[in-house]
Amino acid sequence: MLTFQDIFKSSFLENITSVSFVDMVLALVLAFGLGMFIFLVYQKTFSGVMYSSSFGVTLVALTMITTLVILAVTSNIVLSLGMVGALSIVRFRTAIKEPLDIAFLFWSIAAGIVLAAGLIPLAVFGSVCIGVILLVFVNKKSYLDPYILVLRCDGGASAEAAHSLVERQVRRCVLKSKTVQPGEVELNLEIRMKGADTGFVNTLGEMEGVRSAVLVSYNGDYLG
């Protein structure tokens, strides 16, 4: 009867050849190149509040580390089982605030895996396609993004007049919330502007009965 030790002492493992030095260097160089490409795309498409240079460096390192791990896994089955056990106990608790950052993390990991598997054309062509798509869709004109316009008015009549003015000046206007208090009405409007000009906000602020008009960028998380 074949025991567990006999399986790992079989000729199958003895015939496994390690990764050559040329393959290691080529894989790591290509991983660095693709990691830098991902890093540059991240710089061009970043639209968050504060840019983190350490996250960009992490993308380069993650691509190379993934390539290194997959090369080791494909060269030795015993080592691959050990790595699976070691990596299964790793827990990452760093909060990812930007949803797009998750895509870059998976992109780096996928590029490293595909490179280490020897599918170099797929890794290069796939990364170029992903980069072009991100550059096209993320770097669209900023005025097409949604904004939140907060209006504080003296009463219902002035609030309706301000609301009507906004609807004429923007491409799209949706009422998100309306708060009525004694002597004050507050409107929260989601708008999409027709162009980059925000002069209508100054006009709103000068209207009679309008106490304040605040235009803020809308990141998709609305707190009513």
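Is Gln-169 buried, partly exposed or exposed, and what is its relative accessibility? In this predicted model, Gln-169 has a relative accessibility of 38% and therefore counts as partly exposed, since that class lies between the limits of 20% and 50%.

## Overall composition

The chain contains nine helices and four strands. Read from the N terminus, its elements follow the order α-α-α-α-α-α-α-β-α-β-β-α-β, so that the run opens with a series of helices before the β element that precedes H8 appears.

Of the 224 residues in the chain, 30% are buried. Among the contacts with a sequence separation of 6 or more, 71% are made by residues that stand 24 or more positions apart.

## The pairing of H3 and H7

Helix H3, which spans residues 21-45, and helix H7, which spans residues 120-138, have axes that come within 10 Å of each other and cross at roughly 5°. Angles under 35 degrees count as roughly parallel, and H3 and H7 are therefore roughly parallel to each other.

On the H3 side, the residues that meet H7 are Leu-26, Leu-30, Leu-34, Phe-37, Val-41, Lys-44 and Thr-45. Their counterparts in H7 are Ile-120, Ala-123, Val-124, Ser-127, Val-128, Gly-131, Leu-134, Leu-135 and Val-138. By residue class, the contact of H3 with H7 consists of 12 nonpolar residues, three polar ones and one charged one.

## Thr-67 in helix H4

Thr-67 belongs to helix H4, which covers residues 53-75, and with a relative accessibility of 0% this threonine counts as buried. When neighbours within four places in sequence are set aside, the residues in contact with Thr-67 are Ala-27, Ala-31, Gly-112, Leu-115 and Ala-116.

## Helix H8 and its partners

Two residues of helix H8, which runs over residues 156-169, can be set side by side: Gln-169 and Val-166. Val-166 is at 0% relative accessibility and counts as buried, whereas Gln-169, at 38%, counts as partly exposed.

Leaving out residues up to four places away in sequence, Val-166 touches Leu-149, Leu-151, Cys-173, Leu-189, Ile-191 and Leu-204. One of these partners, Ile-191, lies 25 residues from Val-166 along the chain, and their C-alpha atoms are separated by 8.6 Å. Gln-169, with its neighbours within four places likewise excluded, is in contact with Lys-194 and Phe-200; Gln-169 and Lys-194 are 25 residues apart in sequence, with a C-alpha to C-alpha distance of 7.5 Å.

## Glu-184 and the cysteines

Glu-184 lies in strand S3, which comprises residues 184-193, and this glutamate is buried, with a relative accessible area of 11%. Its side chain is joined to that of Arg-211 by a polar contact of 2.9 Å. Apart from residues up to four places away in sequence, Glu-184 touches Arg-152, Cys-153, Asp-154, Thr-179 and Arg-211.

Cys-153, one of the residues touched by Glu-184, counts as buried at 0% relative accessibility. Cys-173, which is among the residues touched by Val-166, is also buried, with a relative accessible area of 19%, a value that falls under the 20% limit for that class. With a disulfide taken as a pair of cysteine sulfur atoms within 2.5 Å, the count comes to zero disulfides.

Conventions. Residues numbered from 1 in each chain as written. Predicted model: local features only at pLDDT ≥ 70, side-chain atom pairs only at ≥ 80, totals over all residues. Heavy atoms only, no water. Axes fitted to C-alpha atoms, helices over the stretch in contact; angles between N-to-C directions. Parallel < 35°, antiparallel > 145°, perpendicular 65-115°, else oblique. Contact = heavy atoms within 4.5 Å. Nonpolar A, V, L, I, M, F, W, Y, C, P; charged D, E, K, R; others polar. Buried < 20%, exposed > 50% of the residue type's maximum accessible area, 1.4 Å probe, protein only. Polar contact = N/O pair within 3.5 Å; in protein donor to acceptor, adjacent residues only side chain to side chain.
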